[in-house]
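Please open the model in your viewer and keep the sequence panel beside it, since this tour moves from one selection to the next and describes what you will find at each stop.

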Amino acid sequence: MCGVVGVTGNKNATEILVSGLEKLQYRGYDSAGIFVDQPDGTDYLVKTTGSIADLRKKIGPEVQGTAGIGHTRWATHGGVTIENAHPQFSSDERFYLVHNGVIENFQELKDKYLQGVHFHSQTDTEVVVQLIDKFVKEGMSTQDAFNKTLSLLENSSYAFMLMDREEPETIYVAKNKSPMLIGLGDGCNVVCSDSIAMLNVTHTFLEIQDGDMCIVKPDEVIVNDADGNVAERETFEVSVDPSASDKGTYPYYMLKEIDEQPNVMRKLSAEYLDEAGHPTIDADLVDAIKDSDRIYIVGAGTSYHAGLVGKMQLEKLTGIPAEVHVASEFAYEDPLLSEKPFFIFLSQSGETADSRQVLVNVNKQKLPSLTITNVANSTLSRESTFTLLLQAGPEISVASTKAYTAQIALEAILAKAVGEAKGQSAALNFDLKGQLAVVAQGMQSIVEEKNEINQIAEDYFVEANQAFYIGRGIDYTVSIEAALKLKEISYVHAEGFASGELKHGTIALIEPGTPVIGIITQAGTAGLTRSNLEETAARGAKTLSIVKKSLARPEDTFVIPDVDELLTPLLSVIPAQLLAYYTSLNKGLNVDLPRNLAKSVTVE
Ligand code: G6P
């Protein structure tokens with residue numbers, strides 16, 4: 001989703017902006033641009049509907065200014081065109097603006113205040129920059145015009161950076177709902193939607209809050225809160241090693257991230273389990289969950305799928321009922337809650353607007369919450385009561401892999417911690433440390449079968465126009481995730497289905513040659529899922545299977561090592577991740593940056 005970067009100070013702005021945008025590419029984008037302001041008045045606006053590499057090529061050596069703003073756009077209002085790419089500018093080209101978010105009442109504002117103004121784009125953003133220009137022309141200072149414009153925005157989300165050519169070294173910044181950080185450098189300051197974009201400049205960031213309006217200059221940052229008062233905001237250090245986000249020798253980040261999963265399991269085990277295998281989770285967090293009468297798990301996309309597994313783990317190991325919700329649905333449903341609810345937010349990025357909206361509601365009701373995320377100091381992490389970090393290292397590929405497995409492993413650790421505190425025998429007897437070691441080993445053996453999986457992708461999926469993953473119980477939850485991976489990056493229409501439910505309608509879609517993959521890891525339902533798979537084969541489906549060793553038969557396609565039934569998703573998902581990867585690769589697609597998708601979805 002849209003990314004913003006800005007810099008002002010003693011360094012070449014272009015290089016900082018463009019390399020920042022390169023780092024934000026993973027969020028997903030369809031066009032990009034920068035504006036660089038120079039004290040001598042020679043200013044540059046460069047935009048492209050291509051890649052950041054194209055943008056780089058378009059920028060001439062004469063662009064030497066030390067202040068500027070940049071943007072990667074994920075289209076919401078208006079098609080993918082140069083005109084709609086940001087920065088947007090006022091008619092007289094005095095003001096330049098980049099924006100991440102959505103202005104819900106832009107049409108009303110345009111009709112009310114900007115009759116007769118010539119618009120050169122279809123974006124909601126241009127209305128904002130034209131409004132600022134109008135108010136300045138009527139006699140306001142830039143700061144007052146910016147504030148007045150912000151006060152007119154209703155139900156909107158934004159991370160704005162505004163530049164005024166008459167104040168070439170100043171960047172005006174405002175934030176509401178959309179992520180935005182200010183980085184403090186040596187002789188220069190930066191602004192960005194994600195610290196990863198600016199780690200080459202600084203590791204110290206300022207936490208700005210919704211409603212803040214800030215003025216960023218080379219040697220000072222002034223923060224005004226929503227009431228217009230100067231406010232102090234805390235700084236924090238981001239210690240991620242920038243090289244952790246390098247692709248190394250891999251052709252795509254996704255393959256690197258799939259391969260990293262065994263190590264992520266080992267790291268989580270070392271971080272969160274002691275020598276004897278007992279969880280070392282914050283006692284206040286454990287108590288808060290132990291005291292609750294129901295756990296509400298909230299997430300989107302792959303994180304929601306990880307939540308479906310977490311529900312089973314938490315219920316079995318803690319005895320506390322748990323339910324899982326799609327964030328965007330839960331946010332506006334005004335759900336009936338139990339007397340003592342505890343909320344768990346799952347979010348790789350910690351920035352997903354849908355999940356954040358639920359958290360805002362939860363905080364309004366002063367209810368306790370935990371965010372499980374991969375990104376320290378992300379919005380959800382900062383705003384929830386507790387945080388557990390996935391420790392998976394940056395996940396760059398849009399399709400989530402290692403964050404999914406890390407979430408499941410960490411949910412299991414959390415469930416064991418709470419279950420042990422409650423004296424539940426299922427938790428006390430669960431050798432999670434030993435099992436995670438088996439998982440890591442098992443993942444390693446599956447990722448070493450790349451050639452075979454590549455061949456199956458070619459034989460079964462590259463030419464397919466639809467595919468089904470089926471399973472029961474925990475295997476059903478993995479089926480949905482497996483199908484999502486295939487859809488996201490290979491554009492094969494895929495569904496995950498409860499295998500028993502298939503015959504109640506959807507089996508009508510099975511045609512000769514349709515690939516159907518059964519996931520079979522649970523002793524109690526293995527026979528049933530096998531029958532359902534046979535039913536599709538009888539109608540011409542090309543069937544495949546992912547089966548736990550102790551349940552396997554000679555004809556099974558992927559045999560995964562035996563592991564506790566609550567942890568099988570950690571292994572059964574790996575062949576599915578690799579099948580999606582190789583299908584995409586063999587179709588010649590950009591695996592890491594699939595069409596239409598964004599990694600960090602910061603609009604609702
Ligand atoms: C986007 C991404 C998905 C991700 C979902 C939730 O849709 O494309 O890969 O699962 O957001 O993201 P989160 O950061 O909250 O886990």
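Select Ser584 to begin, and show the residues around it: leaving out residues up to four places away in sequence, Ser584 touches Ile489, Ser490, Leu589 and Val591. Bear in mind, here and at every later stop, that this is a predicted model. If you now colour helix H19, which covers residues 569-586, you will see that Ser584 is part of it. Is Ser584 buried or exposed? Ser584 is buried, since its relative accessible area is 0%, and the term buried applies to anything under 20%.

Next, select Tyr26, which sits in the loop that runs between helix H1 (13-24) and strand S2 (31-37). Although Tyr26 is in a loop, it counts as buried, with a relative accessible area of 10%. Which residues are in contact with Tyr26, once its neighbours within four places in sequence are set aside? They are Asp194, Ile196, Glu395, Ile396, Val398, Leu593 and Lys599. Pick out Val398 from that list and draw a distance between the two C-alpha atoms: Tyr26 and Val398 are 372 residues apart along the chain, yet their C-alpha atoms are separated by 6.3 Å.

Move on to the pair His86 and Pro87, and look along the backbone where they join, because the peptide bond from His86 to Pro87 is cis, with omega near 0°. Pro87 itself belongs to the loop between strand S4 (67-73) and strand S5 (88-89).

A little further along the chain, select Glu93, which is in the loop between S5 and strand S6 (95-102). The phi angle of Glu93 is near 60°, which is a positive value in a residue other than glycine, and Glu93 is partly exposed, with a relative accessible area of 38%. Then select Lys177, in the loop between strand S8 (171-176) and strand S9 (181-184). Lys177 is not a glycine either, but it has a positive phi of about 70°, and with a relative accessible area of 29% it is partly exposed.

Now select Cys188 and Cys192 together and show their sulfur atoms. Why is there no bond between the sulfurs of Cys188 and Cys192? The closest cysteine sulfur to that of Cys188 is the one in Cys192, and it is 12 Å away, which is too far for a bond, whereas a disulfide needs the two sulfur atoms to be within 2.5 Å. Both residues are out of reach of the surface by this measure, for Cys188 is buried at 0% relative accessible area and Cys192 is buried at 0% as well. A search of the whole structure finds 0 disulfides.

Finally, zoom out until the whole chain is in view and colour it by secondary structure, which comes to 19 helices and 24 strands. The C-alpha trace spans about 75 × 50 × 45 Å along its principal axes. For 604 residues, a compact globule would have a radius of gyration near 25 Å, and the value for this chain, 25 Å, agrees with that. Buried residues make up 59% of the 604 residues. Among contacts between residues at least 6 apart in sequence, 72% join residues at least 24 apart. As a last view, show the surface: the accessible surface is about 22,300 Å², and 47% of it belongs to carbon and sulfur atoms.

Conventions. Residues numbered from 1 in each chain as written. Predicted model: local features only at pLDDT ≥ 70, side-chain atom pairs only at ≥ 80, totals over all residues. Heavy atoms only, no water. Buried < 20%, exposed > 50% of the residue type's maximum accessible area, 1.4 Å probe, protein only. Helix = DSSP H or I, 4+ residues; strand = E, 2+ residues; numbered from the N terminus. Rg over C-alpha atoms; globule rule 2.2 N^0.38 Å. Contact = heavy atoms within 4.5 Å. Areas by Shrake-Rupley, 256 points an atom, 1.4 Å probe, with all protein chains shown as cover.
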